[in-house]
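Trainee: I am new to this structure and would like a close look at a single part of it, the disulfides. Could you take me through them slowly, and then place them in the wider model?

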Amino acid sequence: PPGFVKSSCHSRIFWMKLNKLLLQGKFFQLEINDPYAGRVLLDEKLASRCGYVLSEDVWGNPVFRASVLGCHVANKADELFSLTVNIKVSSFASMRAAVTYTYPMYCSYSSWASREIVCEENYMEVSVKTDVPAVSNDYTVAWMSALPETQNVAYQLWQLMFVSPSGRKRITVSDAAKLGYSFNNTLSRVYLRAPYHSNESDVSVVSGVNMNMVTSTSMYRQRWLLLPIDTTVSCPVDGISFTDTTLTWTVPRVIPTLVVQESTFLSKNILMGVDDQVIVNPKEKNYLLEHNETHIGITIPIGAEGGKLQSSVSGGVYGVIYTIDLFLEHTWTDADWQTTKYTVIKSIITPFMPQIPTIINNTLPEERLFNVAFGHFLPDVSLVAIAIGNVPFTLREAQHHGFKIYETPFSNRTKGFILEVSFDDPYVLKEYVNRNETKYTLLVNYTISVGPEMTLYYHSAEVECVIADIELPEAVGYCDEENLYLAIPTYGLHQYWNLYLGNKLLNRHVALTNGYLAATNSTHLILQIPLFAVGVIYKEVSFQKIKARFDVALRKVRTMETLQMFSVSCSFNSSAFIICHPDGTIMISAQMKTVPAIDMSKTKLRDSSCKPREYDEGHAFFKFHVTTCGTSVRFEGDHIIYENEISYEKETLPGQSMPTITRDPDYRLTVLCYYRAKETLVLGAFASDPSTSPPFGSGTMVPRSNTAVYRRIRQALNVVSRVSKDESFMEFYEPNMAILKRPVEPVFLELELKDESPDTELYLENCWVTRSLDFNSTPRWNITVDG
């Protein structure tokens, strides 16, 4: 078929290349069509002995090379050479029903050097003219005049002598053939073809390069005629070195076994080639051909033209391999040989070079779009699937879902794959971070097909983008005559934030329990807080004026971090009120409702020394603590009730036996403050000397009540005390466990009287914290004093 076969002749070698595209899905064989022996099937053993090479070029096209001195080559006067190859192509591995294509090749080569050496991939070959002395100069003219006699003599009359580290070995040509050697003579030449690493070969190091060498003398003996010819051959077997970016092939410039008189050595010409083409100007292709007194070096950038970069996977790692077919032709002269032409053909493959793929983040936050480039890959790589957030998609499914995937070229002849995913895609992870930002995370796992073997390679990537796209809510506060109001936007509530009243989550139950009214519309939560409801903070209180504030904390749902405080503060005019503070402070504005009016400055509490702090004609304002002014305490159900009384002292005339009758009416006003028994009553747990106390209180808290009561009343009462972990009084610390508290933190202490006698009451006198079990140890931190 047209374009199926391409051939050339270079360095006295037939080159034939088959087009792999026309062989896809098919099997082929090569036969040598010998004009005398008929068809000879080419196999590996025959190839090395007969001077054939069957391989592939870097692109995978089958390549056949043959020496013009090879077996089955028709030779006309050592100038015209022809070789006919049969190419058998079949759709079956058994080669049945094969189609045979006969392809003749011709090569003209007349400018033979005195000695020519070819170092092929699988054999070494040396050919020598038979009309020059090559062993020594001691032969007489009579010996040399007999040379023409050898030209028409069959090669069986020749013998070979090998010199190796094990000694000298002389064998016949037929025995040498059994060892893999090939020897013959043409009209004007004698040649020897040898395999690498035979028993008769030796390896020596020349200028740092390992050389495989066969030292031999070919001898023709018949009657009185003896013709010895030096057929020594030496070829490099390594000399390849690599960096991350280049490969270098080094060959010795002078090979001692081939140049006996090194002082007479003269290099005439050095050529390099790629594949079967001579490179006239290596610099144009970024190749470097250089030589010095000891070496000839060819340096090729990895990925350069003429070679092939191929993707590969090794141990689950992606990488590349570079392959290039080079040849080097060196011509020199010396005193022993007129001219030597030395040709080395080398197929070079770099080691596996890992190339960790790169993730290029071109995300566009303003467009809320992930744009991720995945590269750099050679053209033999294709993307076959992706997984987003551990959800697998074929490319078709991904496109249908709305992901955009497309290839993009890069400047160094590589390519990448672009993936576009919206921030709002359900498979993108979203996390609320900082005050008003969202972290969007794209988890992607790529599946790519690598190389002609289509090996699957997996690569995962994580791309993040944090943008400030959340607006913190702003509350609006206002008041009427009896209530405070907070209007809070509902966007993001319970998703990002929660509202807290102190340390309690402000939910519907807490709102109803505390007497708040909560109403919601499409945009806001509106809280109505009565002036005297739980949680209201009274900043300034006088007998007719109250400045009150109500605070709600906006906290993160997960971390409980407070981001913002929503507050509403107003001043109220109130003629009568009672305020029971959590710390035990009671403030009362008492209104005069008697006829006739009384002097409010003369009102008092149970303790007559407790007088009003402010007063006018119709009001009196008292402020006192539950532990003072004769305040009594009692328990009703789950409440503690503190009680006092405001009264008016009627005036009497002193010094008379009978009291004076006055018109002053009786004035008694009972004051009650209710506290839930299990609510925290903060009475001031502070160090006596904060300046010298450590910032944290440390010690074992042993409530004294139980022990003290047992000691005093001979265990007649059953009193149990515990320290709760929080205000819920649901979880308690273990007895004798160290508790760490800041000086200003509340301590949640529970004392329980487990006595069934109805006449028994429990009063807490003093409670404190020390650093040891000794009740008298110092320093001590008071929790309650005098009950």
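Mentor: Let us begin with the disulfide that joins Cys9 to Cys107, whose sulfur atoms lie 1.5 Å apart, and keep in mind throughout that this is a predicted model. This pair links distant parts of the chain, since Cys9 belongs to strand 1 (residues 5-10) and Cys107 to strand 9 (residues 99-108), with the two positions 98 residues apart in sequence. The two ends of the link differ in their surroundings: Cys9 is partly exposed, with a relative accessible area of 34%, whereas Cys107, at 2%, counts as buried because buried means under 20% relative accessible area.

The next link to examine is the one formed by Cys119 and Cys235, where the sulfur atoms are 2.0 Å apart. The torsion about the S-S bond of Cys119 and Cys235 is -85 degrees, which is described as left-handed. Here too distant parts of the chain are linked, with Cys119 in strand 10 (residues 115-119) and Cys235 in strand 19 (residues 233-236), 116 residues apart. Cys119 is buried, with a relative accessible area of 0%, and Cys235 is also buried, with a value of 0%.

Further along the chain, Cys479 is joined to Cys570 by a disulfide with an S to S distance of 1.8 Å. The torsion about the S-S bond of Cys479 and Cys570 is about 90 degrees, so this disulfide is right-handed. Because Cys479 lies in strand 39 (residues 476-479) and Cys570 in strand 47 (residues 562-573), the pair ties together parts that are 91 residues apart in sequence. Cys479 is partly exposed, with a relative accessible area of 26%, while Cys570 is buried at 17%.

These links are part of a wider set, for a search of the whole structure finds 6 disulfides. If the bonded cysteines of the chain are numbered in sequence order, the pairing reads 1-4, 2-3, 5-6, 7-8, 9-12, 10-11.

To place the links in the wider model, we can turn to the nonpolar cores. The largest nonpolar core has 85 residues, and those that touch the most other members are Ile300, Ile324, Leu326, Tyr342, Phe370, Ile386 and Leu419. Strand 27 (residues 317-333) gives the largest share of this core, with 7 residues. Domain 2 (116-136 + 156-349) and domain 3 (356-468) both contribute residues to the core, so it lies between them. For a view from one member, consider Ile300, which, leaving aside its neighbours within four places in sequence, is in contact with Thr245, Thr246, Leu247, Met272, Tyr287, Tyr322, Ile324 and Leu326. Apart from the largest core lies another, of 38 residues, which includes Tyr432, Leu493, Ile529 and Ala548.

Finally, a word on confidence. The chain has a mean pLDDT of 86, and 87% of its residues reach 70 or more. Over residues 132-155, however, pLDDT stays under 50, and the model has 37 contacts beyond four places in sequence for this stretch. Residues 680-716 likewise stay under 50, with 80 such contacts in the model. Where pLDDT is low, the predicted coordinates should not be read in detail.

Definitions and conventions
Residues numbered from 1 in each chain as written. Predicted model: local features only at pLDDT ≥ 70, side-chain atom pairs only at ≥ 80, totals over all residues. Heavy atoms only, no water. Core = buried A, V, L, I, M, F, W, Y, C linked by side-chain atoms within 4.5 Å. Buried < 20%, exposed > 50% of the residue type's maximum accessible area, 1.4 Å probe, protein only. Helix = DSSP H or I, 4+ residues; strand = E, 2+ residues; numbered from the N terminus. Domains from an automatic or database assignment. Contact = heavy atoms within 4.5 Å. Disulfide = S-S within 2.5 Å. pLDDT = per-residue confidence, 0-100.
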